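These are my notebook entries on one protein model, kept in the order in which I looked things up. I begin with how strands are paired and then move on to helices, charges and surface.

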Amino acid sequence: MALGTIAPLSWILLIALVAILAAAAGWLLGSRRHAGLDGRVRDAFATLSSQALRENNDLFLALARSSMGEFQQLARSDLDARQQSIDQLVQPMREGLGRVDNQLQAFDRERVANQAALHAQLQSMAQAQLQLTSETRQLVQALRAPHVRGQWGELQLRRVVELAGMLEHCDFAEQQTVSGPDGRLRPDLIVHLPGDKIIVVDSKAPLAAYLDAADASDEPERNASLDRHARQVRDHITQLSAKDYAGQFTAAPDFVVLFLPGESFFSAACQRDPSLIEFAVSRGVIPASPTTLITVLKAVFYGWQQERIARNAEQIRDAGIELYGRMRVVAEHLGRIRKGLDSAVSGYNNAVASLESRVLPTVRKLKAMGAGTGDEIELLEPIDTIARTPSAPEMLSAGPDTASLP
């Protein structure tokens, strides 16, 4: 029996039983005056009422259990269906979260590996920086020695000369010694110019004060060191002017080049002493940084190229005359070849015309009378292409009999 039909019937029975009990109670109250009612009747009625009430309660509980069981079964089925629906909805999210978790774990492993590699690189850079600092300190200490500075300046001078293309023992001479009134003079470089002229170059590396400025801890100390550096450069200019290289080398101009092996050395001195260049020029000294000296040497190299061209001008002229004569002979040969080709083409065309007009008609008649067998005679095409006539005046004036073969 369904829940919708069982529940109303139980309620009807319960209401009827309550009505019977109420009527019985009324009857008992109404008949209370009958003192002679037997007690056994009352006990039997009470027993009957209790039994009916107990049976009704049992029936109600049974119906309730049946209804609750069906309701629980329906609820369980509905819950299972909802659970399946939720699982279907959540499953893609679960799979996506699983993939995200895997990627996050992979990213985390990669991040740890990258951090380890970065840490190793930073340690390597730190070690390299410490080594570079140590070597730089050693280099600075070495450059404070005068003889080391001199060797470094000479090395830079040689490098500049190589970059300019002035090969050693060709256009310049190194460490040439001459005797002067004040002793033996030894310029660092003598650059030979065309026309047996020379330029004297002396290399100086005033680095002591400049290195002190680089190591200065505050601005006043740095400015003081740079002022001392400018004075050292000025002193070198004065000493170099006193050597009078122009008087010792008669082929040299009235100036000498002071080579400073660093752009920053010269610019720092000029910043602290703006009149330094004017002072040097007035003393016959031309200060030159590596860039300036390369420019000068490039100009000298160009001068040597022009000198070589001038020296070889006569040979170039003779070679040009000879080349022109040979080209004329080649043009004559080509003229003969052209005429021969024209003659051959004309003869071929005449032979084709004679074949077509005189020979082939007779051959066709013979074949028509049965005197010829086999395939047809292949027709020959005349040649319309002729040799190109040269348009150059030199080629037109070349005759076949004006020169002998080489």
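I take two strands as paired if DSSP finds at least two bridges between them, and I take helices (H or I, at least four residues) and strands (E, at least two) as DSSP runs numbered from the N terminus. The model is a predicted one, in which local features need pLDDT of at least 70 and side-chain atom pairs count only at pLDDT 80 or more, while totals for chains, interfaces and linings use all residues. Residues are numbered from 1 along each chain as its sequence is written, and side-chain values use heavy atoms, with hydrogens and water left out.

**Entry 1: strand β6 and its partners**

I looked up which strands pair with β6, and found that strand β5 (residues 197-203) does so in the parallel sense over 3 bridges. In that pairing I noted Asp202 opposite Leu258 of β6. Strand β7 (residues 285-288) also pairs with β6 in the parallel sense, here over 4 bridges, and Val256 stands opposite Val285 of β7.

I then asked whether the two faces of β6 (residues 256-259) are covered or open, and found both covered, with Val256 and Leu258 buried on one side and Val257 and Phe259 buried on the other. For this I use buried for under 20% relative accessible area, exposed for over 50% and partly exposed for what lies in between, with a 1.4 Å probe and protein chains only.

**Entry 2: helix α10**

I next followed helix α10 (residues 313-368), which has 56 residues and reaches 79 Å from its first C-alpha to its last, close to the 82 Å expected at 1.5 Å a residue. The expected span is 1.5 Å times one less than the number of residues in the helix.

Where does α10 bend? I found a bend of about 40° at Val359, with a proline, Pro361, following within four residues; the bend is the angle between axes fitted to the seven residues ending at a position and the seven starting there. Just after α10, Gly370 takes a positive phi of about 90°.

For burial along α10, I listed Val329, Ala331, Glu332, Gly335, Val345, Val352 and Leu360 as its buried residues. Leu341, also found in α10, counts as partly exposed because its relative accessibility is 47%. Arg338 of the same helix is likewise partly exposed, with a relative accessible area of 22%.

I also checked C-alpha separations to Ile386 for these two residues. Leu341 and Ile386 are 45 residues apart along the chain, and their C-alpha atoms are separated by 7.7 Å. For Arg338 and Ile386, 48 residues apart along the chain, the C-alpha separation is 8.9 Å.

**Entry 3: salt bridges**

I counted as a salt bridge any side-chain nitrogen of Lys or Arg within 4 Å of a carboxyl oxygen of Asp or Glu, and the structure holds 12 of them.

In helix α2 (residues 39-143), Arg111 forms a salt bridge with Asp108, the closest N and O atoms being 2.4 Å apart. Because Arg111 and Asp108 are 3 residues apart in α2, about one helical turn separates them. Arg111 is partly exposed at 40% relative accessibility, and Asp108 is partly exposed at 35%.

In helix α3 (residues 146-163), Arg159 and Glu162 lie 3 residues apart, about one turn of the helix, and their side chains meet in a salt bridge at 3.7 Å, N to O. I recorded both as partly exposed, Arg159 at 45% and Glu162 at 46%.

The side chains of Arg326 and Glu322 meet at 2.5 Å, N to O, and these residues are 4 apart in α10, so about one helical turn separates them. Arg326 is exposed at 54%, whereas Glu322 is partly exposed at 42%. Elsewhere, Asp202, Lys204 and Lys243 are joined into one network by salt bridges that share partners.

**Entry 4: a nonpolar patch**

Last, I asked which residues form a nonpolar patch on the surface. Ile86, Leu89, Val90 and Met93 do so, with about 390 Å² of accessible area together, the areas coming from the Shrake-Rupley method with a 1.4 Å probe and, for residues, only the protein chains shown as cover. Patches are made of residues with over 30% relative accessible area and no salt bridge, like charges being joined within 9 Å and nonpolar side chains (Val, Leu, Ile, Met, Phe, Trp, Tyr) within 5 Å. Leu89 has its place in α2 and counts as exposed because its relative accessibility is 63%.
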